[in-house]
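Here are some worked exercises to try with a viewer open. Have a go at each task before you read its solution.

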Amino acid sequence: EQVELPGPGQWVVAECPARVDFSGGWSDTPPLAYELGGAVLGLAVRVDGRRPIGARARRIPEPELWLAVGPRQDEMTVKIVCRCLADLRDYCQPHAPGALLKAAFICAGIVHVHSELQLSEQLLRTFGGGFELHTWSELPHGSGLGTSSILAGTALAALQRAAGRVVGTEALIHAVLHLEQVLTTVETGFHRVSQDGLDLLTS
């Protein structure tokens, strides 16, 4: 749903608890979830009384994407600036710096990586400028507490709202599933083929 754009510089923040799976983990991931259905029993948990996973996004006047990954403290983050579409091309390589954030911009429809328009033109034409997106997790890497999918959810929720859209829970869940597939696919022109060969996506 389209809503009023937040003012430039106004942060939109999304925070989530971690997740502990008791049974059924990964049965809710495509293609298994779509072919057989999934059933997961889990528990949302706070860490030290706080939601440990989050994202914040805001519009900036520069027609660029500013990405920051790391703890809440800005001085400790890895910072990436995307000034052209070539800077986004590694969005489907999970270990590339900022890949999840780059994929979030693409899956949210804010940036079209195969467009004939340059990144700056796309951002100026639709939003009058660019975006800054900062994500964080206070959990250890590889903790198994759902960090990557929850982080994708917070990034998408914050970005969509910063772009003047409100997304319902069910739509956000499907968007996260899509982002996770896009993040682990191999580029082949205008088609993306998953590395395990189980799924085909077209752009």
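**Exercise 1.** Leaving aside neighbours within four places in sequence, find which residues D87 is in contact with, and decide whether D87 is buried, exposed or partly exposed.

*Solution.* This is a predicted model, so we are reading computed geometry throughout.
- Step 1: locate D87, which is found in the loop between β6 (78–82) and α2 (99–107).
- Step 2: set aside the neighbours within four places; the contacts of D87 are then V81, C82 and K102.
- Step 3: take K102 from that list. K102 and D87 are separated by 15 residues in sequence, and their C-alpha atoms are 9.1 Å apart.
- Step 4: classify D87. Its relative accessible area is 28%, and the partly exposed class lies between 20% and 50%, so D87 is partly exposed.

**Exercise 2.** Describe how the axes of α4 and α5 cross, and list the residues that meet there.

*Solution.* Two packed helices are described by the angle between their axes and the distance between the axes.
- Step 1: take the helices, α4 (residues 147–162) and α5 (residues 169–183). Their axes come within 9 Å and cross at roughly 115 degrees.
- Step 2: add the handedness; the crossing of α4 and α5 is right-handed.
- Step 3: list the two sides. From α4 come S148, S149, A152, G153, L156 and A157, and they meet L172, A175, V176, L179 and E180 of α5.
- Step 4: sort this contact by class, which gives seven nonpolar, three polar and one charged residues.

**Exercise 3.** How many aromatic pairs does the structure hold, and what is the geometry of the pair formed by F127 and F131?

*Solution.*
- Step 1: count the pairs; there are two.
- Step 2: examine F127 and F131, whose ring centres are 5.0 Å apart with 80 degrees between the planes. A plane angle over 60 degrees counts as edge-to-face, so this pair is edge-to-face.
- Step 3: check burial: F127 and F131 are both buried.
- Step 4: widen the view to the cluster, where F105 joins F127 and F131.

**Exercise 4.** Which residue lies over the face of W11?

*Solution.* Look above the ring of W11 and you will find R56, at 4.2 Å from the ring centre.

**Exercise 5.** Place these details in the whole chain: how many helices and strands are there, and what percentage of residues count as buried?

*Solution.*
- Step 1: count the elements, five helices and ten strands.
- Step 2: of the chain's 203 residues, 41% count as buried.
- Step 3: consider sequence separation. Among contacts between residues at least 6 apart in sequence, 67% join residues at least 24 apart.

How values were computed: Residues numbered from 1 in each chain as written. Predicted model: local features only at pLDDT ≥ 70, side-chain atom pairs only at ≥ 80, totals over all residues. Heavy atoms only, no water. Phe/Tyr/Trp six-rings, centres within 6.5 Å; stacked < 30°, edge-to-face > 60°. Buried < 20%, exposed > 50% of the residue type's maximum accessible area, 1.4 Å probe, protein only. Lys NZ or Arg CZ within 6 Å of the ring centre and 35° of its normal. Axes fitted to C-alpha atoms, helices over the stretch in contact; angles between N-to-C directions. Helix = DSSP H or I, 4+ residues; strand = E, 2+ residues; numbered from the N terminus. Left-handed = near helix turned anticlockwise from the far one by under 90°. Contact = heavy atoms within 4.5 Å. Nonpolar A, V, L, I, M, F, W, Y, C, P; charged D, E, K, R; others polar.
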